[in-house]
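Hi,

Here is the structure I promised to pass on. Have a look, and my notes follow underneath.

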Amino acid sequence: VIKCKAAVAWEAGKPLSLEEVEVAPPKAHEVRIKIVATAVCHTDAYTLSGADPEGCFPVILGHEGAGIVESVGEGVTKVKPGDTVIPLYIPQCGECKFCKNPKTNLCQKIRITQGKGLMPDGTSRFTCKGKQIFHFMGTSTFSEYTVVADISVAKIDAAAPLDKVCLLGCGISTGYGAAVNTAKVEPGSTCAVFGLGGVGLAVIMGCKIAGASRIIGIDLNKDKYAKAKEFGANECISPNDFKKPIQEVLVEMTDGGVDYSFECIGNVGVMRAALEACHKGWGVSVIVGVAAAGQEISTRPFQLVTGRTWKGTAFGGWKSVDNVPKLVTEYLSKKIKVDEFVTHTLPFNKINEAFELMHAGK
C-alpha cells in the first residue's frame with residue numbers, strides 16, 4: 001500500500017481537500033501509476049457541483065493526467081513499471097462489439113463499474129481516514145498515485161513532457177477529433193465553433209489542419225478571441241452584439257450557413273443554434289459539450305428533413321489505446337499544438353485555485 005497526497009471531494013459543492021490517502025496495490029489486469037501532471041476540466045467541476053447523476057462521494061476526481069507506471073497486477077502485458085502513460089477515461093479492450101466496430105470508440109467493457117466509481121471487480125483501491133473513496137471516470141488523476149484497469153492506459157513516447165501531454169487525456173483530443181474524425185471537415189469548408197475554451201480551441205486547430213478556409217469563433221467572452229485567432233479562427237463574434245439570433249447572423253455571414261458547426265459548451269440552446277447555423281442540404285453540426293442531466297435538445301424536424309445532420313462525439317471518436325500514442329507523436333513532431341493550451345501551471349496544493357481560474361474563463 002502506498003500513502004500519498006490526493007485531492008478528495010468529500011461532498012458535492014465543497015472545495016477539494018488535500019488529504020493523505022492509501023492506494024492499494026493493483027489486482028489482476030490493473031496498473032498503478034505515479035501521476036506526474038494533471039489538468040482540470042469542466043467535467044470534474046460538473047461532478048463536484050452535485051449535478052452529475054452518476055456522481056458519488058467521497059471521490060478522487062480528475063481524468064486528464066499523465067504519469068509513470070509504478071507497478072502492474074497479474075496478467076498485465078501491455079505496460080511495465082517505468083513506462084510513460086496516459087490514463088484513459090474511455091478504455092479500449094479490443095474485444096467488445098464496440099471495440100470491434102470501426103464506427104465507434106465507446107468501449108463498454110467496464111462501463112457499469114466505472115460509472116459507479118469502482119474498479120472492474122466492484123471495489124475501490126483508495127481509502128482515507130478509514131473510509132473507502134470512490135474512483136472517477138476510471139482514472140482519478142487528482143492523486144499522486146492511482147490505479148486503473150489495464151485497458152484504460154495508453155503507453156506513450158517517454159520523451160513527451162508530461163505536464164503538457166496530460167491534456168491529450170481529454171480536452172485537446174476531444175476537440176481535435178470532433179473536427180477530423182466526427183465531422184470529417186473538408187478542405188475549403190466553412191466552420192463555426194461555439195465556445196472558445198480549451199475544447200473549442202482544439203476544434204479550431206482540427207478544422208485548420210483539415211484545410212477549412214473560414215473558421216468563425218463564437219463566445220460571449222471577448223478576452224478569448226485573440227487566442228482563438230492564434231489557433232486559426234479567421235473571425236470571432238459575440239451573440240450579445242446582435243439583435244437577431246446568432247444562427248440567423250451566421251446564415252447571413254456565410255451565404256446560407258456553415259458547412260460544419262461545433263457546440264463546445266454543453267448548453268442545449270446553443271446546440272440548437274449550432275444546428276440551425278448549418279447550410280441547407282449538407283451542413284453537419286457536432287455536439288461536443290456535455291449538457292446537464294435531464295436536459296433535452298429541440299429543433300424543427302424540417303431542419304433535418306432539408307439536409308442537415310446532427311451528430312455527437314465522445315473523446316473525439318479516437319479509439320483510445322491505439323490513438324493517444326499517435327497524438328503524442330503528432331505533438332512531438334509539431335503537427336498539433338499542445339503547449340499553447342496551457343495558461344497556468346500550479347502546484348498540486350493550489351488545485352482549488354485552478355478550478356477558480358477555469359470558472360473565471362482564465
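Before the sheet, one term: two strands count as paired if DSSP finds at least two bridges between them. Helices (H or I, at least four residues) and strands (E, at least two) are DSSP runs, numbered from the N terminus. Keep in mind that this is a predicted model, where local features need pLDDT of at least 70 and side-chain atom pairs count only at pLDDT 80 or more, while totals for chains, interfaces and linings use all residues. Residues are numbered from 1 along each chain as its sequence is written, and side-chain values use heavy atoms, with hydrogens and water left out.

Now the sheet. It is open, has six strands in the order 12-11-10-13-14-15, and the pairing is parallel. Strand 12 (235-237) and strand 15 sit at the edges, each pairing on one side only. From one strand to the next, the twist averages 20° (axes are lines fitted to C-alpha atoms, for helices over the stretch in contact, and angles run from 0 to 180 degrees between N-to-C directions). Strand 13 (residues 260-263) and strand 14 (residues 284-287) run parallel and are joined by four bridges; Ser261 has Ser285 in strand 14 as its bridge partner.

Two helices lie across these strands, with contact meaning heavy atoms within 4.5 Å. Helix 6 crosses strand 10 (190-194), strand 11 (214-218) and strand 13, at about 170° to strand 10. Helix 9 (residues 268-276) lies across strands 10, 13, 14 and 15, and runs at about 175° to strand 13.

What about Trp310, which is in strand 15 (residues 309-312)? Its relative accessible area is 21%, so Trp310 is partly exposed (buried is under 20%, exposed over 50%, partly exposed in between, with a 1.4 Å probe and protein chains only). Leaving out residues up to four places away in sequence, Trp310 touches Met271, Arg272, Leu275 and Ser285, among others.

Finally, the nonpolar cores: sets of buried Ala, Val, Leu, Ile, Met, Phe, Trp, Tyr and Cys residues joined through side-chain atoms within 4.5 Å. The largest has 84 residues, and Leu16, Ile86 and Leu168 are among those with the most contacts inside it. Helix 6 (residues 198-209) gives the most to this core, six residues. Another core, of 14 residues including Ile216 and Ala273, lies apart from it.

Cheers
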